[in-house]
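Student: I'd like to go through this model and ask what earns each label. Can we look at it together?

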Amino acid sequence: MRTSRKLSTRNCSAIPDRRSAPLVITHAMLDRKLLTDAPDTIRAMCEARGTVVDLDALRALNDRRKSLQASFDQLRNEQKEASREIGVAKKSGRGGREVSELLAQMSQIAERVKALQNNMTRTAEALDAALLHVPNLLDATTPRGISAAENPVVRTWGTPRTFAFPIQDHVTLGESLGILDFARGAKLAGARFTLYRGRGARLERALINFMLDVQTRDHGYTEAMPPLLVNRATMTGTGQLPKFEADLFQTTDGLFLIPTAEVPLTNIFAGEILTADQCPVRLTAYTPCFRREAGSYGKDTKGLIRQHQFNKVELVSLTRPDDSAAELERMTTCAETILQRLELPYRVVQLCAGEIGFSAAKTYDLEVWLPGQSTYREISSCSNCTDFQARRAAIRFKDNDGTLRFVHTLNGSGLAVGRTLIALLENHQDADGNVHIPEALRPFFDHSPLLSRE
RNA sequence: GGAGAGGUGGCUGAGUGGUCGAAAGCGGCGGUCUUGAAAACCGUUGUACCUUUACCGGUACCGGGGGUUCGAAUCCCUCCCUCUCCGCCA
């Protein structure tokens, strides 16, 4: 998921999380050791992303945490030894004055232990809270740049069609075909909600089935149907929280609607340890996705492009660290297959440092050609999140030599269904306002070659 | 929503407030034996953090958080989760 960088970070929830998952230990993004071992790497990453992080404050906090822990450990050791003596003395029937003297001293130490522990815990919490706002390190191949204009084009597939007639955009096409009803969607729920009808609803379902079949049968992904509402710990695991709360829909009892299936799929193994031969784990799921789209007022207000609720087939992989680079290439290819079989021209761009998402180290976007806009638009985003999410969600595997290591997590759309429907309508329209159904999709669409007004 | 029972290491399952990171069994790993394997026997077997080049050592963790106590897996409060029964419901 690509999360907007423009979002405010204000905390808009006063609702306590009554459903935190006890199993999951949430770690900060970075190995805290990086603060002392490789501060320059972090500094360079922040600069490239255009993120402001007070690294010195983080380091100071970490040093403080360490020294507090050292004092606490030592004092606690004293306390434990003394308590042991008391126990032994009482048991052996000695006691009396000796014990009561010890007890007097001990109550003081107990006070100090309590205070130290409090201090230590609060410092560690402050550090972790701060670290949760630090984005992932960047892959060496992620290019510099601050805007979409600086995303290099990796490859292009297909050639945009030249039309011998005046073309219509998907809004006009969808309405005249009677398959998309924007007005009634708005009546039911508000702006950025659309009602699909008849063959439109059928076409969306055909696309979902087509995509799932390709990803499971041809590409070996295992299908899942995850919860669409998840708790705070799950949202934190993949990096949506704490920083991007404003972009999420929340229920009154502290759950969140998923903005992408990446969230539940990646967190399936939160807090767990995989065996080396379980990797790579490859999962796919069709789910609706819910996004508040805060901060995108006025953008793509017409049509299906940017909705509060949209359908997506998601791909997620958990791999061993050495395999994640190749897995990203593979995953991107798996997403591209869909566009190719649907005969939709597209290009692959790599996101530059300023455009890449919070959790990602390297991202390829697939951009499909939209004749209605005469431009390429994002239809899939495939990211290697390296160990960033694995750290947060505590997803590890046992390597062959027995050591525990964090997995690498990857996610990609395979594809965004609504946008695929847009591309299909606009690219495959004819002069009469009908839409040609590509060969590969027909088995999922009653074998119809054409979508026309009923 | 109401009533009840529980949450302990990879799993099963003990644990009287005092040397319990935690019995026992299973599983895993290593070894002996065997042509090989099984069985048997012996040994070993959690994670994180701090210190250390390393060894050693220390601390924390028995669902989460808080409290009582010199000392908590054990007592108290609270939250979460699981299970059973009742009610409601697709």
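Tutor: Let's take the sheet, its helices, the cores and the domains in turn.

Tutor: This is a predicted model, where local features need pLDDT of at least 70, side-chain atom pairs count only at pLDDT 80 or more, and totals for chains, interfaces and linings use all residues. Residues are numbered from 1 along each chain as its sequence is written, with chains lettered from A and ligands numbered from 1 in the order in which they are written.

Student: What makes β11 and β12 a pair?

Tutor: Pairing takes at least two DSSP bridges between strands; strands are DSSP runs of E, at least two residues, numbered from the N terminus. Nine bridges join β11 (residues 362-370) to β12 (residues 375-384), so they count as paired, and they run antiparallel. Glutamate 367 sits opposite glutamate 378 in β12.

Student: Why are β1 and β4 called edge strands?

Tutor: In the open, mixed sheet the order is β1-β10-β11-β12-β15-β9-β8-β4, and β1 (153-157) and β4 (222-223) each pair on one side only.

Student: What does helix α10 lie across?

Tutor: Helix α10 (residues 324-341) lies across β1, β9, β10, β11, β12 and β15, at about 5° to β15.

Student: What makes a nonpolar core?

Tutor: It's a set of buried Ala, Val, Leu, Ile, Met, Phe, Trp, Tyr and Cys residues joined through C-beta atoms within 7 Å; buried means 20 or more other C-beta atoms within 10 Å of the residue's own, with C-beta atoms placed from the backbone. The largest here has 87 residues, with Leu415 among those having the most contacts inside it. Apart from that one lies another core, of six residues, including Leu35 and Val134.

Student: How far apart are the centres of domain 1 and domain 2?

Tutor: Their C-alpha centres lie 45 Å apart. The bounds, 33-131 and 148-451 in chain A, come from an automatic or database domain assignment.

Definitions and conventions. A residue is buried if 20 or more other C-beta atoms lie within 10 Å of its own, exposed if 12 or fewer, and partly exposed in between; C-beta atoms are placed from the backbone. Helices (H or I, at least four residues) and strands (E, at least two) are DSSP runs, numbered from the N terminus. Two residues are in contact if their C-beta atoms, placed from the backbone, lie within 7 Å. Axes are lines fitted to C-alpha atoms, for helices over the stretch in contact, and angles run from 0 to 180 degrees between N-to-C directions.
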